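Grab a pencil and work through a few exercises with the model open beside you. Try each task before you read its solution.

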Amino acid sequence: MAKRLLAIILAAVMVFALAACTAPTGEPVDGGAESGLKPIAKEDVKVGFVYIGDINDGGYTQAHDKGRLALEAAGFECLYKENIPESADCEVAVRELVDAGCNGIFTTSVGHMDYTETVAKEYPEIYFNHATGYKTLPNMCNYMGRVIEARYLAGIVAGMKTEANKIGYVAAMQIPECIRGINAFTLGVQSVNPEATVEVIWTNTWYDPAVEKQAAIELLDKGCDVIEQHQDSPAPQLAAQEKGKFAIGYNTPTPDAAPKAYLTAPLFHWDKFYVDCVNRVVDGTWEPASYWEGLASGWVGLDELSDLCAEGTAEKVEAAKQGIIDGSLVLFSGEIKDQDGNVKYTDGMPNEDIYNMNWFIEGVIGTIDG
Amino acid sequence: MSAFLISVALFLQVTASLGTHVLLGTLGGILTERVGNTCLGIEGMMLLGASTGFLVAYNTGNALLAVLAAGAAGAAGALIYAIITVSLRGNQVVTGLALTTFGSGAAGLIGMSISGKSLPESINNVLGIHTIPVLSDIPVIGKMLFEQSPFVLGAIFCAIIIYIYLTKTNTGLNARVVGESPAAADASGINVTLHKYIHTILGGFLCGVGGGYYSMVYVGRWQIDLTAGAGWISVALIIFAMWNPLRAILGAYLFGAVRGLTFKLQGGLVLFGHTITFSAQLLDMAPYIVTVLVLLFITMRNKREYQAPAALGSPYFRENR
């Protein structure tokens, strides 16, 4: 009897001990508390990256990893963790990097945001940087390439190429990042081919080559002849090649993945941001800002056009690019109608509304779950 | 041909291409279970085949060699399983589960150098989609069977061969006796251990080839855990097929069809003027839910001739009689 009682008491103690361990600890560092950030000497900087995919995925993660390589070339020590899902595994990965001595952390997928935030609150002296989200802390900034500008250029390429006037768009998640990309792409298409439509299929995954390819085949079977993607692997391009149609890549140039289909790709040049950002850590000018920079800053761009592009595409793309850089061409300006033809804005959209877009513009075929 | 017939033909084409690796896995499982070995390692053997096949294809550019390597990798997994369950008489369920976990990890290791790579043209030329003139113009089923990778017809062919082997040949009948009553088989002079080894390894070979099809043809890329549960669907389909290779074709294509439908139902279905929308999560679950429902239905019917091999799952000790 006494033994059983002892066991119960021990079990109870254990439960309380566990509860005590998981209770939130870092209350005072929340919100406007003073930042504990100090500049770090270059030789002491250790940068840790958390990637959602494989560093050789031929897409999104590879583009980020180019940034890591650029940092290493500049003499910074870097660690990385790949294939980290948007789950509690991310928190584990960030903590492991911190334990390994990293004092600058970059997490690179939107779903990493909350886990990054959790750890950032506990370590106010470490620099956290999160890509494609929206949260900031005194020691956490967020950054995103204004890839809608490159997507607009890709839209021009697709609009010139399509003969069926049906363009397919394999998109990952029903979130503003994808939706504003689809809308910007559609604006680009319409600027050269007002007849063409853009049809969207959601895959609900950033990186799953099998699903990405199946979605592209579905669009091709529906009669689309150019495929655009917001996915991390070149699988949609392989599908287009298999069906004798054309495709636009994303993130990283992939002319060799599907050489008979590849037209071009909107690209991220994350290396530009990463090197600048870590240099700011060294000279003490790092800020917990929200960065959203585009063509003008060189954060994004369009890959070289392949020989498969329609004649005259290069000139149109170049003109639009210059227009965006010098400010004479502004995306989402003038009257903007939604998918059903209702006027949503009469004279352009503010930047913040573009970033948070959750509806399709006119010319897009597809649905967004409420 | 009307637009509707064309879209049906295209849908069936997708169905067959999504069902083929599952079909090969199911056939491998049927061979293994027919000699009385519970087969839960299909996912692991598929992954081994998927990464090894891709590795060989990438490095040699030889399609035949790649397919053989995929099969050999699956067979190697099955050999480990056979040694543990047949010779050492280990628990088949635990060993099968361990094989899946092992296969997933080992495949990831094998595939490290090929992640993100594309296959050479010579592989796609042989294993990719071939359009057979005339036959592929048959309405509805033309594209499904004759505008496909050679794997698709190959898998159907395998199913027919295995059916004939198991029901019409002496060796096949011997194998079934081993699965029903190893003691009786032993008494009548059938080498139980040899039959178990050969069929388990052949089964593993087919699972490996199925994985190879998925990585080299269907997806065209390698990634960790590429098959995403297809091996488990195969395990369920063995029961769906009642250990009958011909019914396995039906089961695998049903799975392919439901998976193909998920993208078609996105954005809702218009019925009598009302749009019925489906949540994305529900659509992703659909193939698996259908598999469970079908299993439920099948097992409820519970006919005498549709039963698992009687000795399935129990190791054979000659001295135990």
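Below are four exercises on this predicted model, each with a worked solution.

**Exercise 1.** Find the order of the five strands in the open sheet of chain A, and say which strands lie at the edges.

*Solution.*
- Step 1: Trace the sheet across, and you get β9-β8-β6-β7-β15 in chain A, with parallel pairing.
- Step 2: Look for strands that pair on one side only; these are β9 (246-248) and β15 (364-365) of chain A.
- Step 3: Zoom in on one of those edges. Strand β7 of chain A, residues 197-202, joins β15(A) in the parallel sense through two bridges.
- Step 4: Pick out a bridge partner: A:Glu199 is matched with A:Ile365 in β15(A).

**Exercise 2.** Work out how helices α3 and α4 of chain A are oriented, and what kinds of residues meet there.

*Solution.*
- Step 1: Get the geometry. α3(A), residues 88-99, and α4(A), residues 113-122, pack at about 40°, and their axes are 8 Å apart.
- Step 2: Name the arrangement. Because of that angle, α3(A) counts as oblique to α4(A).
- Step 3: Check the hand: the crossing of α3(A) and α4(A) is right-handed.
- Step 4: List who touches whom. From α3(A) come A:Ala88, A:Cys90, A:Glu91, A:Val94, A:Arg95 and A:Val98, while α4(A) brings A:Tyr115, A:Thr116, A:Thr118 and A:Val119.
- Step 5: Sort these contact residues by class, and you have six nonpolar, two polar and two charged.

**Exercise 3.** Do the same for helices α11 and α12 of chain B.

*Solution.*
- Step 1: α11(B) covers residues 230-240 and α12(B) covers residues 245-264; their axes come within 9 Å and cross at roughly 135°.
- Step 2: So these two helices of chain B, α11(B) and α12(B), are oblique to each other.
- Step 3: The crossing of α11(B) and α12(B) is right-handed.
- Step 4: On the α11(B) side, the contact uses B:Ile233, B:Leu237 and B:Phe240; on the α12(B) side, B:Ala248, B:Gly251, B:Ala252 and B:Phe255.
- Step 5: Sorting by class gives six nonpolar residues, one polar and no charged ones.

**Exercise 4.** Describe the side of chain A that touches chain B: which element gives the most residues?

*Solution.*
- Step 1: Count both sides: 25 residues of chain A are in contact with 21 residues of chain B.
- Step 2: Find the elements of chain A that supply at least two residues each; β7, α7 (209-221) and α8 (235-242) all do.
- Step 3: The top contributor is α7(A), with eight residues.
- Step 4: Split chain A's side by class, and you find nine nonpolar, eight polar and eight charged residues.

Notes: Residues numbered from 1 in each chain as written. Chains lettered and ligands numbered in written order. Predicted model: local features only at pLDDT ≥ 70, side-chain atom pairs only at ≥ 80, totals over all residues. Pairing = 2+ DSSP bridges. Helix = DSSP H or I, 4+ residues; strand = E, 2+ residues; numbered from the N terminus. Axes fitted to C-alpha atoms, helices over the stretch in contact; angles between N-to-C directions. Parallel < 35°, antiparallel > 145°, perpendicular 65-115°, else oblique. Left-handed = near helix turned anticlockwise from the far one by under 90°. Contact = placed C-beta atoms within 7 Å. Nonpolar A, V, L, I, M, F, W, Y, C, P; charged D, E, K, R; others polar.
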